[in-house]
Amino acid sequence: MAKWNDTDEPIAYLITFRTYGTWLPGDERGSIDKYHNRFEGPRSVASSRRESIQHSRLKSEPFLLSARARSIVEMAIREVSEFRKWPLNALNVRTNHVHVVPGAVAPSAKMLGDFKRYATRRLREAELWTFEHSPWVDKGSRRFLWTDEHVEAAIEYVVNGQGGELPDFD
């Protein structure tokens with residue numbers, strides 16, 4: 001396993017991860033797959049048939065975060081950030097995805113994994129997620145932010161670029 005190298009490192013990350021089953025291959029928004037996985041490259045084409053096939057393979061229904069679940073996920077991310085001493089520049093938990101802008105003091109993959117693990121543990125403790133599989137997609141997006149301007153733009157996007165009020169459902 002490679003050690004974390006503190007030279008030539010980004011100053012922060014924009015980490016995004018989605019809830020289970022809420023953006024499937026074939027979705028009209030396009031998706032990422034092994035053939036469409038280059039930075040700023042094209043996404044796969046929309047296909048209702050492909051989306052339907054993927055939906056039939058789900059282990060449970062798609063997972064949307066209620067107001068209570070969003071609060072629990074936010075607290076879990078704050079908890080792990082405090083425990084690991086990771087600076088938290090911005091956080092926004094939506095109904096079907098989470099955005100986090102942490103300072104780059106650890107590998108982004110470690111941060112992504114810990115955010116998802118802590119949030120899953122807390123959702124299970126609250127009995128809001130009762131399945132064996134994860135409430136999150138397998139991977140997530142980990143964008144490196146190299147300048148203060150990149151960090152400021154990411155914070156603006158996370159805090160103010162996500163739309164209006166969220167529904168309060170359970």
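**Exercise 1. Strand 1 and its surroundings**

Find how many of the 7 residues of strand 1 (residues 12–18) are buried, and say what follows for the strand.

*Solution.* Step 1. In this predicted model, 7 of the 7 residues of strand 1 are buried. The strand is therefore largely enclosed by the rest of the structure.

Step 2. Sort the side chains by direction. In a regular strand, side chains alternate between the two faces of the sheet. Here Ala 12, Leu 14, Thr 16 and Arg 18 point one way, while Tyr 13, Ile 15 and Phe 17 point the other way. Residues of both sets are buried.

Step 3. Look for the pairing partners. Strand 1 runs antiparallel to strand 4 (residues 141–145), and 5 bridges join the two. One of the residues to check is Thr 16, whose bridge partner in strand 4 is Ser 141.

Step 4. Strand 1 also pairs with strand 3 (residues 97–102), again in the antiparallel sense, over 4 bridges. On this side, Arg 18 stands opposite His 97.

**Exercise 2. The chain as a whole**

State how many helices and strands the protein chain has, and in what order the elements run from the N terminus.

*Solution.* Step 1. Count the elements: the protein chain has 4 helices and 4 strands.

Step 2. Read them from the N terminus on: the order is β-α-α-β-β-α-β-α.

Step 3. Turn to burial. Of the 170 residues in the protein chain, 41% are buried.

Step 4. Turn to contacts. Take those between residues at least 6 apart in sequence: 70% of them join residues at least 24 apart.

Step 5. Turn to the surface. The protein chain exposes about 10,600 Å², and carbon and sulfur atoms supply 50% of this area.

**Exercise 3. A salt bridge in helix 2**

Determine how far apart the closest N and O atoms of Arg 78 and Glu 74 are, and whether each residue is buried, partly exposed or exposed.

*Solution.* Step 1. Side chains of opposite charge can pair when their charged atoms come close. The cut-off for a salt bridge is a nitrogen within 4 Å of a carboxyl oxygen.

Step 2. The closest N and O atoms of Arg 78 and Glu 74 are 3.1 Å apart, and the two residues form a salt bridge.

Step 3. Place the pair in the helix. Arg 78 and Glu 74 are separated by about one helical turn, because they are 4 residues apart in helix 2 (residues 67–84).

Step 4. Judge the exposure. Arg 78 has 42% relative accessibility, so it counts as partly exposed. Glu 74, with a relative accessible area of 31%, is partly exposed.

**Exercise 4. Salt bridges in helix 3**

Describe the salt bridge between Asp 114 and Lys 110 and the one between Glu 125 and Arg 122.

*Solution.* Step 1. Asp 114 and Lys 110 meet in a salt bridge of 2.9 Å, N to O. Both lie in helix 3 (residues 108–125), 4 residues apart, or about one turn of the helix.

Step 2. Compare each value with the cut-off for burial, which is under 20% relative accessible area. Asp 114, at 3%, counts as buried. Lys 110, at 35%, counts as partly exposed.

Step 3. The side chains of Glu 125 and Arg 122 also form a salt bridge, at 2.9 Å from N to O. These residues are 3 residues apart in helix 3, so about one helical turn separates them.

Step 4. Glu 125 counts as exposed at 53% relative accessibility, whereas Arg 122 is partly exposed at 23%.

Step 5. Check for shared partners. Arg 84, Lys 110, Asp 114 and Arg 117 are joined into one network by salt bridges that share partners. The count for the structure comes to 6 salt bridges.

**Exercise 5. Two single residues**

Locate Ser 81 and Pro 167, and list the residues that each one touches beyond four places away in sequence.

*Solution.* Step 1. Ser 81 is in helix 2. Its relative accessible area is 4%, so Ser 81 is buried.

Step 2. Leaving aside neighbours within four places in sequence, Ser 81 is in contact with Trp 86, Leu 88 and Phe 115.

Step 3. Pro 167 is in the segment after helix 4 (148–160). Its relative accessibility is 43%, so Pro 167 counts as partly exposed.

Step 4. Not counting residues up to four places away, Pro 167 touches Arg 70 and Thr 95.

Step 5. Compare sequence with space. Pro 167 and Leu 65 are 102 residues apart in sequence, with 9.7 Å from C-alpha to C-alpha.

Definitions and conventions
Residues are numbered from 1 along each chain as its sequence is written. This is a predicted model: local features need pLDDT of at least 70, side-chain atom pairs count only at pLDDT 80 or more; totals for chains, interfaces and linings use all residues. Side-chain values use heavy atoms; hydrogens and water are left out. Buried means under 20% relative accessible area, exposed over 50%, partly exposed in between (1.4 Å probe, protein chains only). Contact means heavy atoms within 4.5 Å. Two strands pair if DSSP finds at least two bridges between them. Accessible areas come from the Shrake-Rupley method with a 1.4 Å probe; for residues, only the protein chains shown count as cover.
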